[in-house]
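Dear colleague,

Please find below the structure that I am handing over to you, with its sequence. My notes on it come after.

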Amino acid sequence: MSLPNKKGWLAILFILFCLAVPFGITYYVSTPHSQARYERWREQGEVANAKLTSQISAKQLLLVKNDRVTIKNTCLVFKGIEKGQVLLDLYLLELDPGYAYPQRFSRETNGNAIRLGDATYSVKSANNYSLALTIIQAVGTD
């Protein structure tokens with residue numbers, strides 16, 4: 001039996017390489033170090049994907065996209081940002097609770113007040129997922 005020629009050795013090395021790669025990956029994935037890294041990665045993903053909820057405080061209002069927030073006789077639903085304009089649906093509960101009044105305003109108000117229902121706000125920050133409004137005049141007060 002004669003030894004393989006140069007092309008034969010390349011074919012043998014290629015086959016060995018093609019067999020070694022899947023076995024090496026399988027070995028690496030089965031090691032405890034790899035499993036610990038995978039668990040840390042999954043935990044970080046779960047924290048990042050945790051659902052952010054809308055919040056109301058005395059001085060600030062945080063609206064999450066498509067989350068409905070009721071403030072006294074108004075209801076606000078943040079719809080996102082389109083071409084630098086904040087899209088918001090305003091529901092006047094005393095007038096017609098089933099009809100949305102679409103509102104559009106710039107995400108950079110430069111200190112200008114925005115009146116939504118009985119309250120006055122200014123935009124603190126806005127991105128496509130959430131809108132933070134600073135309450136200038138509280139509902140029901142002058």
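What follows is an account of what was found, going from the whole chain to single residues.

Please bear in mind throughout that this is a predicted model. The protein chain contains two helices and nine strands, and, read from the N terminus, their order is α-α-β-β-β-β-β-β-β-β-β, with both helices ahead of the strands. Of its 142 residues, 27% count as buried. The chain exposes about 10,400 Å², of which carbon and sulfur atoms supply 58%. As for how the chain folds back on itself, 27% of the contacts between residues at least 6 apart in sequence join residues that are at least 24 apart.

The element I would look at in some detail is strand β4, which covers residues 74-82. Seven of its nine residues are buried, so the strand is largely enclosed by the rest of the structure. On one side of the description stands strand β3 (residues 68-71), which pairs with β4 in the antiparallel sense over four bridges, and within this pairing threonine 70 has cysteine 75 of β4 as its bridge partner. These two strands form a hairpin with two residues between them, and lysine 72, in the turn, has a positive phi of about 50°.

Strand β5 (residues 85-92) also pairs with β4 in the antiparallel sense, here over eight bridges. Cysteine 75 appears again in this pairing, where its bridge partner in β5 is tyrosine 91. The hairpin of β4 and β5 likewise has two residues between the strands, and lysine 83 takes a positive phi near 55° there.

Which charged side chains pair in this model? The count comes to three salt bridges, and two of them involve residues of β4. In one, lysine 79 pairs with aspartate 89, the closest N and O atoms being 3.9 Å apart; this pair links lysine 79 in strand β4 to aspartate 89 in strand β5, 10 residues apart. The two partners differ in their exposure, since lysine 79 is partly exposed, with a relative accessible area of 36%, whereas aspartate 89 is buried, with a relative accessible area of 15%. When reading the value of 3.9 Å, please keep in mind that the cut-off for a salt bridge is 4 Å.

Another salt bridge is formed by glutamate 82 and arginine 104, with the closest N and O atoms 3.2 Å apart. This pair also links distant parts of the chain, as glutamate 82 lies in strand β4 and arginine 104 in strand β6 (residues 100-106), 22 residues apart. Glutamate 82 counts as partly exposed, at 38% relative accessibility. The side chains of arginine 107 and glutamate 108 also meet in a salt bridge, at 4.0 Å from N to O, and arginine 107 counts as partly exposed at 30% relative accessibility.

Finally, there is a nonpolar surface patch of about 510 Å², made by Trp9, Leu10, Ile12, Leu13 and Leu16. Of these residues, tryptophan 9 lies in helix α1, which spans residues 6-30, and with a relative accessibility of 43% tryptophan 9 counts as partly exposed.

With best regards

Methods. Residues are numbered from 1 along each chain as its sequence is written. This is a predicted model: local features need pLDDT of at least 70, side-chain atom pairs count only at pLDDT 80 or more; totals for chains, interfaces and linings use all residues. Side-chain values use heavy atoms; hydrogens and water are left out. Buried means under 20% relative accessible area, exposed over 50%, partly exposed in between (1.4 Å probe, protein chains only). Two strands pair if DSSP finds at least two bridges between them. Patches are made of residues with over 30% relative accessible area and no salt bridge: like charges are joined within 9 Å, nonpolar side chains (Val, Leu, Ile, Met, Phe, Trp, Tyr) within 5 Å. Accessible areas come from the Shrake-Rupley method with a 1.4 Å probe; for residues, only the protein chains shown count as cover. Contact means heavy atoms within 4.5 Å.
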